[in-house]
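This report concerns a single molecular structure. Please consult the sequence and the coordinates shown here alongside the text.

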Amino acid sequence: MEEEKIEAAREHLLSTKQTSPKKNKYALGCGVLASMTTILMGYHVAVMSGAQKYMQEDLGITDTQIEILSGIINVYSLVGSLAAGYTSDWIGRRATIILASAIFFVGAVIMSFATNYAILMAGRFVAGVAIGYSLMIAPVYTSEIAPASMRGLLSSLPEVFINSGVLLSYVSNLAFSGFAINLGWRLMFGIAAIPPAFLACGVLFMPESPRWLVMKGRISEARNVLVKTSDSHEEAEARLEDIKETVGIPSDATGDIVVVPKNEKNGENVWKDMFTKATPAAKRIIITVLLLQFFQQASGIDSVVLYTPRVLEKAGLKSDTQLLGATILIGVAKVGSILVATFTSDRLGRRVLFLSSVSGMVISLVVLGLGLEIIDWTHEENFSWVGVVCIVAAVTFVMSFSIGLGPLAWVYCSEILPLRIRGQGASLGTAMNRIISGLVTMTFISLYEAITVAGSFFLYAGIAAMSWIFIYFCLPETKGRSLEDIEVLFAK
């Protein structure tokens, strides 16, 4: 009888999807607040784009040191991303977001008062740990709080806010560029200490993730959260039963607090579940997560984000105002484009946006490379039509990235990971993402000195083309499926 009720609730959920229910404002508010921590991530990564020139003049650091400072924050984020899985399973998703905000605050303060390269490196380490936490916890929380009808929307929010942070850093670069050299770049970093305090206070009013509550046996609290964040009571009950089944709690266990199987409650043997004892489906999911995160960063997006002024200088722009103004244009295009994925992924599906996105990236990178190659051939030093083509190609590249591969890599990875390995699996994917991002950004200057700027973008285009092949043949559509049903797709 109980199974019939559960099945009826699921059928009702499927039928209500066809009527396009109104968006759940409470779930939307929670997703927005949780995702705002990634604004700080985008800001800390991209602020180096405009600050690096003034840091070099003030502290006398070299191009190699700038290259390391720019990219090392992504490697340092490994500490946070790997720790975040354990932390979020131990103290909860909400408390982990508050912890990330506190670490961001400390990192911003250290950077703004740095007097030498060693202190700068310490500040980047602290900020990097915070980035690792935010990159892991924001997608996980939003995917777990979201009803199926708007999971794509809510899960895209972290990427929306990352790009908003990038744009704000570009605005900050321009706004403080007119200050004294020893003050302007410090303000660029120091202003990032203000938002974490307000964010941490706001998170206190958010509910805990219902999936984490079930993992701790707190069924009544989880039900209350699900009722508020679902499109109907029937959906809330269906989601609760799916989570209980995944955790291993019997469906007839309906008390406010129930006993959870020991291996799930404390997260033991999770790494064995992912590797040595993993099912074929789980292995395919882990491989998919790692490859998707690899391709997202190896296609060169962070090189454009961090080194836009250098690239545009090659294209003919000379003054600081022109260079920093052009980076703002790219930032605006990036934020605007990501809204396409945010509001259409639940309607169009993941695959359509993935494939369209990567196709645009390949074309844009090839055009950008050709434009820069023509400038090298002609030895053109002034801004010309080729420079315009290069700017358009750079804008098109970030727009293409932002309608698909950028936001949806996080959405897809967070929704395909089974609950029993979601925390550690998301940490592993984030670690891959940050390692590749760090390698790309720490080698870009050396790379373009070895094979030219144009050659660097041709290389990124080749990697992007490989990612298109991988997506086309290996990624099934997940639109409209519950998180607990998606594993079945990878069992086939």
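The following sections treat a bent helix, the nonpolar core, the enclosed and open spaces, selected residues and the cysteines. The model is a predicted one.

**Helix H17**

Helix H17 covers residues 301-314. At Tyr307 its axis bends by about 85°, and Pro309 follows within four residues of that point. The helix is mostly covered, with 12 of its 14 residues buried. Among the buried residues are Asp302, Val304, Tyr307, Pro309 and Val311. After H17 comes Gly316, which has a positive phi near 120°.

**The nonpolar core and helix H22**

The largest nonpolar core comprises 151 residues. Within this core, the residues with the most contacts are Met55, Trp185, Leu292, Phe457 and Ile471. Helix H22, spanning residues 422-474, contributes the largest share of the core, namely 17 residues.

Phe457 also touches residues of the bent helix. Leaving out residues up to four places away in sequence, Phe457 touches Val304 and Val311, together with Leu365, Leu368, Gly369, Leu372 and Phe444. Both Val304 and Val311 are buried residues of H17.

Thr452 is located in helix H22. Although Thr452 is not a glycine, its phi is positive, at about 75°. The relative accessible area of Thr452 is 34%, so this residue is classed as partly exposed.

**Cavities and a pocket**

The structure has 6 cavities of 30 Å³ or more. The largest cavity has a volume of about 160 Å³ and is lined by 18 residues. Met41, Glu159, Ile162, Gln297 and Asp302 are the lining residues nearest the centre of this cavity. At least two lining residues are supplied by each of H3, H8 (151-176), H16 (280-298), H17 and H22. Helix H8 provides the largest share of this lining, with 4 residues.

Which helices each supply at least two residues of the lining of the second largest pocket? They are H4 (48-59), H17 and H18 (320-348). The space in this pocket amounts to about 260 Å³. Its lining consists of 13 residues, and the closest to the pocket centre are Lys53, Pro309, Glu313, Asp320 and Leu323. Helix H4 provides the largest share of the pocket lining, with 6 residues.

Helix H17 thus appears in both descriptions: it supplies at least two residues to the lining of the largest cavity and at least two to that of the second largest pocket. Pro309, which follows the bend at Tyr307 within four residues, is one of the residues closest to the pocket centre.

**Selected hydroxyl-bearing residues**

The table lists the location and relative accessibility of three residues.

| Residue | Helix | Relative accessibility |
|---|---|---|
| Thr37 | H3 (residues 37-46) | 0% |
| Ser172 | H8 | 6% |
| Ser400 | H20 (residues 385-402) | 9% |

Thr37 is buried. Apart from neighbours within four places in sequence, Thr37 is in contact with Ala100, Ser101, Phe104, Ser134, Ala138 and Leu199.

Ser172 is likewise buried. With residues up to four places away in sequence not counted, Ser172 touches Tyr43, Met188 and Ile191. Ser172 and Trp185 are separated by 13 residues in sequence, and their C-alpha atoms are 9.3 Å apart in space. Trp185 is one of the residues with the most contacts inside the largest nonpolar core.

Ser400 is buried as well. Its contacts, leaving aside neighbours within four places in sequence, are Ser357, Gly360, Met361 and Ser364.

**Cysteines**

A disulfide is a covalent bond between the sulfur atoms of two cysteines. The structure holds 0 disulfides. Why is Cys413 without such a bond? The closest cysteine sulfur to that of Cys413 belongs to Cys474 and is 13 Å away, which is too far for a bond; the criterion requires two sulfur atoms within 2.5 Å. Cys474 is accordingly in no disulfide, with the sulfur of Cys413 as its nearest cysteine sulfur.

The surroundings of these two cysteines can be described by their accessibility. Cys413 is buried, with a relative accessible area of 5%, whereas Cys474 is partly exposed at 42% relative accessibility.

Notes: Residues numbered from 1 in each chain as written. Predicted model: local features only at pLDDT ≥ 70, side-chain atom pairs only at ≥ 80, totals over all residues. Heavy atoms only, no water. Bend = angle between axes of the 7 residues up to and from the residue. Buried < 20%, exposed > 50% of the residue type's maximum accessible area, 1.4 Å probe, protein only. Core = buried A, V, L, I, M, F, W, Y, C linked by side-chain atoms within 4.5 Å. Contact = heavy atoms within 4.5 Å. 1 Å grid on protein atoms, 1.4 Å probe; cavity = no way out; pocket = protein on both sides within 12 Å on 5 of 7 lines; lining within 4 Å. Points joined across faces, edges and corners; volume = space filled by probe spheres on them.
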